[in-house]
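Let's explore the pockets of a protein together. Have a look at the model below, then work through the exercises one step at a time.

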Amino acid sequence: MNNDKLVSAKILVIDDDVNMMDVLSVVLRRYGHYVKTFTEPLSAIEELKKNKYDILLVNYLMTPVKGDKIVETVREFNKEIYIILMSIHKDLAPSIEVMQQLDIQAYYEKSNRFDNLIMLIQGGIKYIEQINKIKSMNLQLEHYLVDFAKILLQTVGAKDHYTEEHSRRVTLLADAFSKYLKLDKKQISDLQIAAAFHDIGKIGIPDNILLKTTRLTDDEYQIIKTHPVIAANIFSVSDIYKDIYPIMYYHHERYDGNGYPTGIKGKQIPLLARILSICDSFDAIVSKRTYKEGATIEFALSEIEKGAGTQFDPELAPKFISMVNNNIEYIEKIFSEY
Ligand SMILES: [Fe+2]
Ligand SMILES: [Fe+2]
């Protein structure tokens, strides 16, 4: 592929100087670009809302609405379009500060020669190509991360099948609860990752303790209790997961301060760890183990209610109960399918 070749762009032009615009259109079309012209801003803005354009070419000095005002409106709904502001003389152009503030990428001083404009458009196309490349790289990276997470979960599953299934259910419960609480997008995604891996530290627990089907001795229980620290250590090596490992680290803390590993209490425990703790306990009560039968959802909810203010956050516990009651079919499905 020849990188110097000018690739065609979809360009929208707004200029109240009809003659200039006609000449401009002819030139741009000659270079293979798709061009649509507007003499007034309102219909141009409507068109930009309806259809995707690569480049907006807008005249600065127009009446009654100046080019920078038009750009301001466009930027409210479109941050991606490459904008070239035109003016008849550079003394009449807006300041660099205004151009930067409005994210105007280029300035063109009108003349009868269009070489400069063609160059600016070519620069714009290259810029758009770079942005698209970065976007697809980010998507690919996200895809790798999800894949890596699946491998990690399978790794836990190879050692302890219960932890793998429990983690899947806790993730679904945490996702439903965080959406019910209307948390923001980042909190929802952080909690989801933390829920999926909250017990990954069990990978560091010896099999004879982790997989024991009879009652644990006190010493064995002390070893099991190190799993949040091991999980946090595993994730602390990664920069992109830096907001995740505190959620894992504190998922066995109790609201009254009698939890582990640190014994912090109340709102000192990060919000997402308090949320995870409820989902985690709820699943542990409902799910069946080799040494115990699974309890009913009603029973598990009564335990959550009982633990409000001691084990669980007293504000979150009733909200969790309403979330389950309002989505009972979905919650039952989580336990029958996973
Ligand atoms: Fe745990
Ligand atoms: Fe757990």
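A pocket here is an open set of points on a 1 Å grid over the protein atoms alone, where a 1.4 Å probe fits and protein lies on both sides within 12 Å along at least five of seven lines; lining residues have an atom within 4 Å of a point. The model is predicted, and totals for linings use all residues. Residues are numbered from 1 along each chain as its sequence is written.

**Exercise 1.** Describe the largest pocket and its lining.

*Step 1.* Start with the space: the volume, meaning the space filled by probe spheres set on the points, is about 1000 Å³.

*Step 2.* Go to the centre: of the 33 lining residues, Tyr221, Ile224, His252, Tyr260 and Tyr291 lie nearest to it.

*Step 3.* Sort the lining: 10 residues are nonpolar, 11 polar and 12 charged. Ala, Val, Leu, Ile, Met, Phe, Trp, Tyr, Cys and Pro count as nonpolar, Asp, Glu, Lys and Arg as charged, and the others, Gly among them, as polar.

**Exercise 2.** Which helix gives the most to the lining of the second largest pocket?

*Step 1.* Find the spot: Val146, Ala149, Ser189, Gln192 and Ile193 are the closest to the centre, out of 26 lining residues.

*Step 2.* List the candidates: α5 (115–159), α6 and α7 (185–197) each supply at least two lining residues. Helices are DSSP runs (H or I, at least four residues), numbered from the N terminus.

*Step 3.* Pick the winner: α5 gives the most, with eight residues.

Definitions and conventions
Chains are lettered from A and ligands numbered from 1 in the order in which they are written. This is a predicted model: local features need pLDDT of at least 70, side-chain atom pairs count only at pLDDT 80 or more; totals for chains, interfaces and linings use all residues. Side-chain values use heavy atoms; hydrogens and water are left out.
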